[in-house]
Amino acid sequence: MSKKLAILAIESSCDETSAAVIINGEVKSNIVSTQVIHEKYGGVVPELASRAHQQHILPVVDKSLKEAKVGKNELVALGFTRGPGLLGSLLVGTSFAKAFALANGTPLIEVNHMQAHILAHFIEEPKPSFPFICLTVSGGHTQLVLVKDHLNMEVIGETQDDAVGEAFDKAAKMLGLPYPGGPMIDKYAAQGDPLAFEFPISEMKGFTYSFSGVKTALLYFLQKKVKEDLDFIDSNIADICASYQHTLIETLLQKLKKAVRKYKVKHIAIAGGVAANSGLRKSITSLAEKENWQVYIPKFEYCTDNAAMIAMAAHYKYLAKEFATQQVSAMPRYEL
Ligand code: KG4
Ligand code: ZN
């Protein structure tokens, strides 16, 4: 029988503390502890996030090993998110990983969080064939990535200002919706008319995105409407959410279509927290039918932050013998 490749992976880049175990490329456990403390502040408070990671990391790791029925001595490697993300949050995961690796004699593997979002597609069937284009949409990033191989990826376009997740979250804040705002907008949008109101689609060169303009347009729109009618937001919440979400999705898909044409690929994927958006999932599915693309949409649990995707990336890096040393440090800005 071939060697059992059991890898433990840790994710702590933002407000999810997560640990997963993968054996021979198959995810055996994926424990995610979401920090609810940020809800009352309407956004992630970095210092509170670091503290919560400190509290949760050990129980989460213990639980993931137990659920996978794997002993520490069986691990061939320990993967962890090195970046990008919040420095304090990353430091907790990185320091924990280094201490664990040192004490247990386990080789370390550093993982780029954005690469891992894309590799989440390899957790389950159907898996995309190379090359494919991945639209990675999260709270901190919006990228079009040409994926040539598991570990060979090229960013062909990205946002020059806000990420699309930020555009969702900031709009939700303007509308008085609780954090995290993306899922709330998604929920209201499902009951509204996407063409009720019109917001601008940014027209940037090439494959560059911009989401700051549409966010400001929403702010001015709301200020004007609320002046005329104090109840405007409450009485139109579904239509506002549907129209705003529709604009964000159209912006994302217009560039994606262009990129697919230029790079002549037929396999398309979406990844990251905003890939959980039901409007985006629906729109890309119908666009794929029209354009004859093979589209890959991850399960909800693998869209938002999780350690299973970090484990998947660590698995491929293990096969490529890409190990880190004890000198490795957290990297809040980490290019793909
Ligand atoms: O990938 P992720 O969990 O964390 C980062 O790496 O940033 O993405 C979080 C982002 C947040 O902006 C959140 O509002 C957004 O993903 N999000 C959604 C939905 N679920 C999560 N946005 C729109 N619709 C959703 N259903
Ligand atoms: Zn993420």
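Helices and strands in these entries are DSSP runs, numbered from the N terminus, with at least four residues for a helix and at least two for a strand. I worked throughout from a predicted model.

**Entry 1. Cis peptide bonds**

I began with the loop between strand E4 (75-83) and helix H2 (87-104), where Pro84 has its place. The bond joining Gly83 and Pro84 is a cis peptide bond, and I noted an omega of about -10°. I then looked up Pro180, which is found in the loop between H4 and H5. The peptide bond leading from Tyr179 to Pro180 is cis as well, with omega near -5°. I recorded both bonds because most peptide bonds are trans.

**Entry 2. Positive phi angles**

I next turned to backbone angles, since most residues other than glycine have a negative phi. Asn24 is not a glycine, yet its phi is positive, at about 50°. I located Asn24 in the loop between strand E2 (16-23) and strand E3 (26-34). Asn24 has a relative accessible area of 41% and is partly exposed.

Lys69, also not a glycine, has a positive phi of about 55°. I placed Lys69 in the loop between helix H1 (46-68) and E4. With a relative accessible area of 71%, Lys69 is exposed; the cut-off I applied for exposed is over 50%.

**Entry 3. Surroundings of Thr94**

I moved to helix H2, in which Thr94 is found. Is Thr94 buried or exposed? Its relative accessibility is 3%, so I entered Thr94 as buried. Leaving aside residues up to four places away in sequence, I listed what Thr94 touches: Phe80 and Thr81, together with Val328, Ser329 and Ala330.

**Entry 4. Packing of H4 and H5**

Two packed helices are described by the angle between their axes and the distance between the axes. I therefore looked up both values for helix H4 (residues 164-174) and helix H5 (residues 181-189), whose axes come within 7 Å and cross at roughly 75°. An angle of 65 to 115 degrees counts as roughly perpendicular, and H4 and H5 are therefore entered as roughly perpendicular to each other.

Which residues meet at this crossing? From H4 I listed Phe168, Asp169, Ala171 and Ala172, and from H5 I listed Gly181, Gly182 and Ile185. Sorted by class, the contact of H4 with H5 comprises four nonpolar, two polar and one charged residues.

**Entry 5. The zinc ion**

I then examined ligand 2, the zinc ion, and asked which residues coordinate it. His113 and His117 each do so through NE2, and Asp305 does so through OD, at 2.0 to 2.1 Å. Along the chain, the donors of the zinc ion (ligand 2) follow the spacing H-x3-H-x187-D.

His117 lies in helix H3 (residues 113-119), whereas Asp305 lies in the loop between strand E10 (294-296) and helix H9 (307-319), so the pair ties together parts that are 188 residues apart in sequence. I also checked exposure: His117 and Asp305 are both buried.

**Entry 6. Domains**

Last, I took up the domain assignment of the protein chain. It gives domain 1 as 6-119 + 304-319 and domain 2 as 126-297. Taken over C-alpha atoms, the centres of domain 1 and domain 2 are separated by 27 Å. How many residues of each domain are in contact with the other? I recorded 16 residues of domain 1 in contact with 16 residues of domain 2.

Key. Residues are numbered from 1 along each chain as its sequence is written. Chains are lettered from A and ligands numbered from 1 in the order in which they are written. This is a predicted model: local features need pLDDT of at least 70, side-chain atom pairs count only at pLDDT 80 or more; totals for chains, interfaces and linings use all residues. Side-chain values use heavy atoms; hydrogens and water are left out. Donors are N, O and S atoms within 2.8 Å of the metal (3.2 Å for Na, K and Ca); water is not among the atoms, so sites may look incomplete. Buried means under 20% relative accessible area, exposed over 50%, partly exposed in between (1.4 Å probe, protein chains only). Axes are lines fitted to C-alpha atoms, for helices over the stretch in contact, and angles run from 0 to 180 degrees between N-to-C directions. Angles under 35 degrees count as roughly parallel, over 145 as roughly antiparallel, 65 to 115 as roughly perpendicular and the rest as oblique. Contact means heavy atoms within 4.5 Å. Ala, Val, Leu, Ile, Met, Phe, Trp, Tyr, Cys and Pro count as nonpolar, Asp, Glu, Lys and Arg as charged, and the others, Gly among them, as polar. Domain bounds come from an automatic or database domain assignment.
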